[in-house]
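Work through the exercises below with the sequence and the model open. Each task is followed by a solution in steps.

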Amino acid sequence: MTLQPMFLKVFLATASLSGLLLTGCAEQVSSVQESSATPSPAIQVQETKPATQTQPQERTPDVVYVPTPQEVVDKMLEVAKVGKNDILYDLGSGDGRIPITAAKKFGTQGVGIDIDPERIKEANANAAKEGVTDKVKFLQQDLFKTDFSKATVVTLYLLPELNVRLRSQLFEQLKPGTRIVSHAFDMGDWKPEKTLNVNGKTVYYWTIPEKIPTNLSSPAPSN
């Protein structure tokens, strides 16, 4: 009989300790459940958009794409005296070789305009390959609806009637002294300041005058 009080004390102490342990476990389980209910910022995923996007083609291109030979590209940039401080717009830019060449050789900032999404994809791929994506960009646009007023140099390889149709737009948007170079085709009544021959290929060169001649000021009729 003398052992009962001691047994009772041990039993009560054991029960109290067990209760404390169970309470601690319950708190830990609750803490784990709360933390798992809140997503960790480290695993949150952000959506990213592709760097280059194209859109459905607005209309049929005005010309069939034929690339300008590289030797002609070089002569066009040479006659225009393209430099690192220029902004070059290539209207109908195709695979992008004119702005890309200007960027690689002279550090020129360039913009290519083309209505064909396949040409835009090709030009962007070529720019990435040549490491000049920081200097050139290519926009899928109709060149007759494009704002190229920031250009100091404009390059073309279109058709005679398209050059003439574009003429009033060039006069309207570009500052006097802006240089224009065309491969193969002139601008009708607007006579070039220079005409060069590159192994049988012709290059024409103009600058925007201070005052537009009266016979050139009227917009050419569109087809």
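A contact here means heavy atoms within 4.5 Å. The model is predicted, so local features need pLDDT of at least 70 and side-chain atom pairs count only at pLDDT 80 or more, while totals for chains, interfaces and linings use all residues. Residues are numbered from 1 along each chain as its sequence is written, and side-chain values use heavy atoms, with hydrogens and water left out.

**Exercise 1. Place L174 and list what L174 touches.**

Step 1. L174 lies in the loop between α5 and β5. Helices (H or I, at least four residues) and strands (E, at least two) are DSSP runs, numbered from the N terminus.

Step 2. Leaving out residues up to four places away in sequence, L174 touches F148, S149, A151, V154, I180 and I208.

Step 3. Is L174 buried or exposed? Buried means under 20% relative accessible area, exposed means over 50%, and partly exposed is in between (1.4 Å probe, protein chains only). L174 has 5% relative accessibility and therefore counts as buried.

Step 4. V153 is 21 residues from L174 along the chain, and the two C-alpha atoms are separated by 9.4 Å.

**Exercise 2. Describe the chain as a whole: its elements, their order and its burial.**

Step 1. The protein chain has six helices and seven strands.

Step 2. Along the sequence their pattern is α-α-β-α-β-α-β-β-α-β-β-β-α.

Step 3. The protein chain has 223 residues, of which 36% count as buried.

Step 4. Take the contacts between residues at least 6 apart in sequence: 67% of them join residues at least 24 apart.

**Exercise 3. Check the length of α5, then find its kink and its packing partners.**

Step 1. The expected span of a helix is 1.5 Å times one less than its number of residues. With 14 residues, α5 should span 20 Å, and its end C-alpha atoms are 20 Å apart, so the two values agree.

Step 2. A kink of about 35° in α5 is centred on L166. The bend at a residue is the angle between axes fitted to the seven residues ending there and the seven starting there.

Step 3. Which residues of α5 are buried? They are L162, N163, L166, R167, S168, Q169, L170, F171 and Q173.

Step 4. These buried residues pack against β1 (87-91), β4 (153-156), β5 (179-183) and α6 (214-217).

Step 5. Take L162 from this set: its relative accessibility is 8%, so L162 counts as buried. Neighbours within four places in sequence aside, L162 is in contact with D62, V63 and F144. L162 and M187 are 25 residues apart in sequence, with their C-alpha atoms 8.7 Å apart in space.

**Exercise 4. Find the polar contacts made by the side chains of Q173 and T155.**

Step 1. A polar contact is a pair of N or O atoms within 3.5 Å; within protein, one must be able to donate a hydrogen and the other to accept it, and residues adjacent in sequence count only if both atoms are side-chain atoms.

Step 2. Q173 is in helix α5 (residues 160-173). Its side chain reaches the backbone oxygen of T146 at 3.0 Å and the backbone nitrogen of F148 at 2.7 Å.

Step 3. Not counting residues up to four places away in sequence, Q173 touches T146, D147, F148 and S149.

Step 4. T155 lies in strand β4, and its relative accessible area of 1% makes T155 buried.

Step 5. The T155 side chain makes a polar contact of 2.8 Å with the side chain of D90. Apart from neighbours within four places in sequence, T155 is in contact with M76, L88, Y89, D90, L91, I98 and V181.

**Exercise 5. Which residues other than glycine, K81 and A184, have what positive phi, and where do they lie?**

Step 1. K81 has a positive phi of about 50° and is not a glycine. K81 is in the loop between α2 (70-79) and β1. With a relative accessible area of 66%, K81 is exposed.

Step 2. A184, also not a glycine, has a positive phi near 80°. A184 lies in the loop between β5 and β6 (194-198). At 26% relative accessibility, A184 counts as partly exposed.
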